[in-house]
Each structure stands twice: as structure tokens, then as C-alpha cells.
Amino acid sequence: MGASFGRGGATTFQQDLAESDCILIQGSNMAEAHPVGFQWVMEAKNRGATVIHVDPRFTRTSAVAHKHLALRAGSDIAFLGGLVNHVLSNDAYFHDYVVAYTNAAMIVGEDFRDTEDLDGVFSGFDPEAGSYDTSTWQYEGSSAVPPVGGHGPEQAPTSPHGRERQGSKPERAGSGGPVYHGRPESDPTLQHPRCVFQLLKRHYARYTPDVVEEICGISQDDFRWVADQLIANSGRDRTSAIAYAVGWTHHTVGSQYIRAASILQLLLGNIGRPGGGILALRGHASIQGSTDIPTLFNLLPGYIPMPHAHTDTDLEAFVADDEQASGYWANIRAYTVSLLKAWWGEHATAENDFCFDRLPRITGDHGTFQTVLDQIEGRCKGYFVIGENPAVGTANARQQRMGLAALDWLVVRDLNMIETATFWKDGPEIETGDMRTEDIGTEVFFLPAAAHAEKDGTFTNTQRLVQWHHKAVEPTDDQRSDLWFFYHLGRRIREKLSGEDERDRAVTELTWDYPTHGEVEEPSAEAVLAEINGHDQDGTPLSRYPQLRADGSTSCGCWIYCGVTADGVNQAARRKPGSEQDRVALEWGWAWPANRRILYNRASADPDGKPWSERKAYVWWDAERGQWTGLDEPDFEKNKRPDYQPGEGAVGPDGLAGTEPFIMQSDGRGWLYVPAGLVDGPFPAHYEPQESPVANRLHPNQQRNPARQINSRPENRYQPSGLEPGTEVFPYVFTTFRLTEHHTAGGMSRWLRHLSELAPAMFLEVSPQLAAERGLVHGDWATVITARSAVEGRVMVTERMRPLLVGGRTLHQIGIPWHWGRNGLTTGDAANELIGVALDPNVHIMETKAGSCDVRPGRRPRAAALNRLVADYRDRAGITERTGTEHADDPSTEGG
């Protein structure tokens, strides 16, 4: 969504779903994974909205939807592309919205070639490196700065064949498309053969109902019904919403799934409007917060890129390209300087470049999966694991444990003694003999953590809503909050440094002066929130991010959160009842940025500033008062007239016209086409998952995403796919899912008696037809096998899993919950034992939602016999270190 609209956050808020006329839920089991928010879907349904659920499994969400469409896991782009084609071929797009608010009219350079021209890849592809040179994707008459505002190339790991993979420049994850210079040539009539609109039509022309049926297993009648519902419920007077979760993000083309939905919603005119938008349903309470103020290696707070070692030599170089662009990213110097002032206070001055040289620099991929390889190979010696359980909760759990076993030290902070803390004595490798406890040199420190009810702080949830939670009870014994741990760890490190060495000053001169209280000296979470909000040179709290300055007179720990303590009041703690305010409820918590609940809401009005219809009025231009007004905080310069036109050479907000609502994009428009900013294509194209029993129907000579991130190793062998020899050894599709009764990897739920009783065992969900085919008996044991390992679970035979007719053959799918491990009151094998590490190249997210496997009755083998079983399957499939690793992976290519 960052590349499509300008920000990576949900464009709307959950309560606004009640205003929808149609809701498409895909890539999510919202009723079970987000049951509180699902009340607004039910409210919409009660008001007459159509609810559609597209998912491999029939779930509680499906049960209350008007229609459930079972699709093959990993085929969503074909389905969404079919919807795009249906909208375009039937002239059902919202013409006035598309022309005014998207880049449909932009003309692309004549060197660009599509997947339809090049048999499955776009122009600029290097099959040896597995990456694209995006120079041929540019508009006619302009040039885009490389993604991340020109911040240096991100090096992916060396390929399995010794070739260095170059040029994997990442999306500015969550913060807009790249800047570009010059004004692209355009054709507002949308007739030019190289305008984005015509390229889009051509790209999706083959995504017809019959092709969707062949790829996805969805009948043509059901497909057309969904298309008709979306079209009938979009336009001037009606709006449709889309909600997704990790069912879309956990794929090697996950970013492009979301791009496909973004294209569809732009064509239908549903972005920035009430009852419309795309709701990114985050996994749990503060997943959004952990990307806003990030735990990601390539971002600083507020989606400011992390400086690159080879290009960002000083602050001037860091901000140069962005400052020349239109839109609010031109203020990156103010955002960055204010952040540096928050971190180093009086020590950050103009004379020392505001301590910019103290920021870490990235040199390539430093993501979690690369870190594990660095552990195994001895380059990473120590590891903090906080709020995660990688020994069972991360793809290829065996590889994760191998990394843990190679460390010098490991710190685990958790509520319970999770598997990551005990892998050295009771992990699966101890049983198989692959590891011996006495040979593992990792020194493990387990530190008990305080639960959320035992500490003050904030959650930033699905809709960018920052909400304060108050401590209910004091933690007991040695339990401590994460804030306590990091504050006192930092304090002790600072005490051990002299401060005389220049290198030490990056730590000793940090602003580390938070007040503490109580016997354990708990730091004040409100003081941290106030620092994040920021203040001026007099210490007065700031109220909105346009107040930030580049001269060092303002301090702000995260520019998008500026205003969360406006007037010195904790805005996140507001709890004004809904009965005392309107439906948008701007006085319940605080949403970034600037407490806006629907992003890009200037698009809820037509180019003249009038609502597209009274029924869907949300934000509009008040000519008498000379400002934008409405139900929400306008996501636009409040006094910018609709007829405003930028002067020659205008940059920043002044460079956007009064009709350009997407204010974080350098052209103010929603992007149907991405000229740069994604590493695997300007349009989403259907590719099969890394491992699939089905051949690519649309691109027979390009089975997988050619730019996917892979690394074949002895513990991470890939399976053959499509028409490659050996695919028949793994004939079934599996997908992982979560239960309402358990939470993520189980660290918070498997130790609780009532939840363990409600969901007491690891299970495998299969259809009656698959059960009959493989001799599986409901309640008995079965074993699922992949090239990495095998897991066992109780068989659940249910008609919720339906065989699909795909490409003329019956295809079976298996549902596997991912909450189990060896510790706790309910134990079982972990689903992540099965999953290989193959990643989306834009955001380095693993593919856990679609894979291929075999299943057989009975329990899995124990001890060394488990390894022999997996080795037998590898041998039968002919798996080598080259299998599944070719980027230009024509199935006729030797080695797959």
C-alpha cells in the first residue's frame, strides 16, 4: 500500500466498515482472528451490505458471509487480476475518479515490456542475479529516483551457485513510491497505447473467468457474482471495502497481492472514501506500532529509510533527492533532524550535522532470516529474543534452532519457558541425534517478562489507532516490562562507557533521562510517549507534524506520531463514549497521522471539492470558510483550494495541485502502475508459490516469482514445482492458519488451562475425499511431509475443506494450525517445521500460506527414523541443492 497510495497503513478504520455496501474479506479469517473488529462487518451486513469471503478454508467468517469462495492457496493474484480485467473490459471503472486521482493517464517509456511480451517477466530482468533493472519502467518525460529515495542498493544474499545477487532495491516499506523528476507525459483521454490505463488493460486481458477457474478452482459463475457485487456497490453513491491479513502477506508475491487489491480499489473509486478502502488487519495488538517505530532493519521511526553505508555520507546526501520532490516527503530533513534532536538533544547541532553520522548504516539484507544464516556461519554471536518464539514460530524452525545453537549467548524474555529458551535440552534435534546438549555452547539467559496488564503503555492497532492501556496489577517477583529492561540495560551500558572515546558518545550522549517510579524504578511510559510526540525549543508539546523544522528547533521521536500528546494531554488515553460523539469518534484514542481516520480523504470529494454524492459525503471544500471540512480531519492542506495549481519548480506540499489527494506521493496520485519502488514488477502478475503441484497456467515458462528471495542450504532444500520432475512426490497443497483459542506461536496461550482445553491438540484439517484417498480417519493420527521435515497431528475430517478442480484435475488442500510446540499444557509438532525459507523480495516476508506436501496415516517416525523418512522423500523427488533455485525457471531448464 505504501507504493500504491503513499503510506503502508490501513487506509480506513474498522468502525467505518459499517458504512460499506460490500465487504470482500480475502487473506483473512476475520471473525476468528479479529473477532472484536468483526462486529462492524456484522453491522454492515445488518444494514444490507454484501459480505464475501474468499479463502481456502470454510471458517466462521465464511459462515456469516453471503458467499464463500474456496480458492487454491497461492492463487489470489489470478483471482484479483480477473476482477480487474472484468472491471476494465466492462467499462465498469469509476471514470472520473480514475482520470483525476490515479496515474492511469501517465505514458510509460517505449522501452517497457510486459510479462505478456516476455513470457512471464518484465523488461530489465537479469536471470543470473534474479533482479530487475527498473530503468525501462519509467514514464515518458521523467525519471524516478531509485526506491527508498535513492538510498543505496540492498544486497541480497549470495545465490546458491555463488553468484552475487545485485540490485534488490527495496520498497520504502510503508512510506510511498519513489520520487521522480520532471512531469510525465500524459493522455487524459486514456487512449494512448502506452498510457498506464491501456497497459493495465493489456496486462490483465488474459485473466478471464475461465482462466480464474483453471488457476484458482473458483467457478465462473461464482467469480462473476463477486465481480458484479463489487461493481454494483462502487461508484459515486456506493462503496466497497477490502480486508486482508497475513493470508496475503505471507507469500513470495505478498506485496503484489496487496498491490492487486489496490489497483482494483482505485479503479472502483473506493480509496479515501467512507465505506471503502483497504483494511490491513494486523496480526495482534501492536504489529502496526512495531513497524511505525520499527523493529525493521531498514527503517527509522516514521518510515524514514535507514541510511545506507555507501551512499548516505552525510545528512545532505541523505535528504537530497526527496527534498526536490512534490508531496510531504520533501520535508524529510525536518522529520530526520527532529528525530536526531529527540535522540541526542543538545548534542545534536547544525555544526555536527545533528549527529547524523551516529546513525547505524545498512549494507544489505539484515533481516531475520539472513541473521539466522549469519548465526549458523559464525558471524552473529549474540541474540535477544523478545516477544517472539522462533524455535517453533518462524519458517523452517529447524534452521532457527541451528542458529540458536551456534550462538555464544541468547537472551529470552517471555511470560513462559518457551521452546526458544529450552531448545538446547529438548528440541527436536536432540531427539533425532542431530544435536547433543553437551555440544551446544549457547549460554541462555531467561528473563521473565511482564504481561500487558502489568504495565502502562500504548498499542497501535490495525487502523493506525494509538490506544493507551493502564497497568491493572503490579508484576510479581522478577517480572519486568520491556520498557524497564531496555531502559536499565541502556543505563548500565552507559555507566560502563567512559564517554571519552568518540565512539562511546553515540551512547553516552543519548537522551536517557526518563523519570522512574516505584521500588523497581519503572520508567515512565508517558514520558517516552511525550518524547515520541515532540516539542519545540521551549519545551512546548507539538500538535501536528507540519510544525517540525529542519533547523534543530524541534524534537520529535516519530514524526507520524506528532500530536499524540498535543497540549500536553495523552490523546491516546481518550475514551469519550460513542454516544457523545459522531460515528468517526475522533475523541477515542488517537490515529496517526494527525488523528485522521480515513487516509487520502480528499478523494471522497470530486475535483471541485464537492462530495461525489451526499450519501457518501465525508470531507469537502467549504468555499465560504476557505477550507476543507467534514466528518474527519482532512488528509490535505486545510486551506488549499481545489483549483490551486503549483507554480513552476514548486516542491513539497506546494508542488501538489488542489486535486491531488495522495499527498505522500510525488505526483499526488494513487498508483495503478509503479515505475519504481517494487523489485518484482510494476504490475502484479500471477506466479505460483515457491512450491506448488500446479504449473503456471498464465506463464508456462516462468513458474515462480523470478525476483523471489531464496537460499538453498542443506537444512532448507526446496521441492520441485509445477511440471518439474518429482513434483508428484508432494501432490497436495497445505496452508497454515490460526485459531481464536490460541495466540501466535502459543507462548501466551498453551500454558493456560481453559484455552488448552478448548484447543487441546495439534490437528490436520482435511476433506472427506482426501481422507478416503489416503486412508485418514477422523481423530486418528496423520503425518504431513515436506523436504524439510514431517509433523504429526490429529486428523480432523471436515467438509470445510473442499477439493478443487484445478486445471482439469482434483486438488486437495490441508489446513494446519501453527500454534503448537513441545512446551506448555498442550503440546504438539510445530507447523513451521514443514516450511522452507522463500521470501517476498520487497519486504523479506516468508511464504507460510501456500506450500506442497504429502500426507499419510499414522504417527511420524521418531529419532533418526524421522530424518530417514524425509531423506527418502527428497531422494524420490530428485531434490538437489539446485532444485527450485533458478530465477528464470522454465521447467525444461536442467536443475529446475
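Domain bounds, as used here, come from an automatic or database domain assignment. In this predicted model, the protein chain is divided into four parts, and the table lists their residue ranges.

| Domain | Residues |
|---|---|
| domain 1 | 1–95 + 206–283 |
| domain 2 | 368–455 + 476–504 |
| domain 3 | 612–661 |
| domain 4 | 709–877 |

This report follows the pairing of domain 1 with domain 4, whose C-alpha centres lie 27 Å apart. To the contact between them, domain 1 brings 27 residues and domain 4 brings 29 residues. The size of an interface is often given as the accessible area lost when the parts come together. For domain 1 and domain 4 the buried area is about 2300 Å², and carbon and sulfur atoms give 53% of that area. On the side of domain 1, Arg57, His250 and Thr252 supply 29% of what this domain buries against domain 4, which is more than any other three residues.

Polar and charged links also cross this boundary. Two salt bridges are counted between domain 1 and domain 4. Glu741 forms a salt bridge with Arg60, with 3.6 Å between the closest N and O atoms. Across the same interface, twelve residue pairs are found in polar contact, both residues of each pair being at pLDDT 80 or more.

Within the side of domain 1 that touches domain 4, the elements giving two or more residues are helix H2 (30–33), helix H8 (209–216), helix H10 (246–249) and helix H11 (254–267). H8 provides the largest share of that side, with four residues. By residue class, this side of domain 1 divides into ten nonpolar, eleven polar and six charged residues.

Definitions and conventions
Residues are numbered from 1 along each chain as its sequence is written. This is a predicted model: local features need pLDDT of at least 70, side-chain atom pairs count only at pLDDT 80 or more; totals for chains, interfaces and linings use all residues. Side-chain values use heavy atoms; hydrogens and water are left out. Contact means heavy atoms within 4.5 Å. Buried area is the accessible area (1.4 Å probe) that two parts lose on being put together, summed over both. A salt bridge is a side-chain nitrogen of Lys or Arg within 4 Å of a carboxyl oxygen of Asp or Glu. A polar contact is a pair of N or O atoms within 3.5 Å; within protein, one must be able to donate a hydrogen and the other to accept it, and residues adjacent in sequence count only if both atoms are side-chain atoms. Ala, Val, Leu, Ile, Met, Phe, Trp, Tyr, Cys and Pro count as nonpolar, Asp, Glu, Lys and Arg as charged, and the others, Gly among them, as polar.
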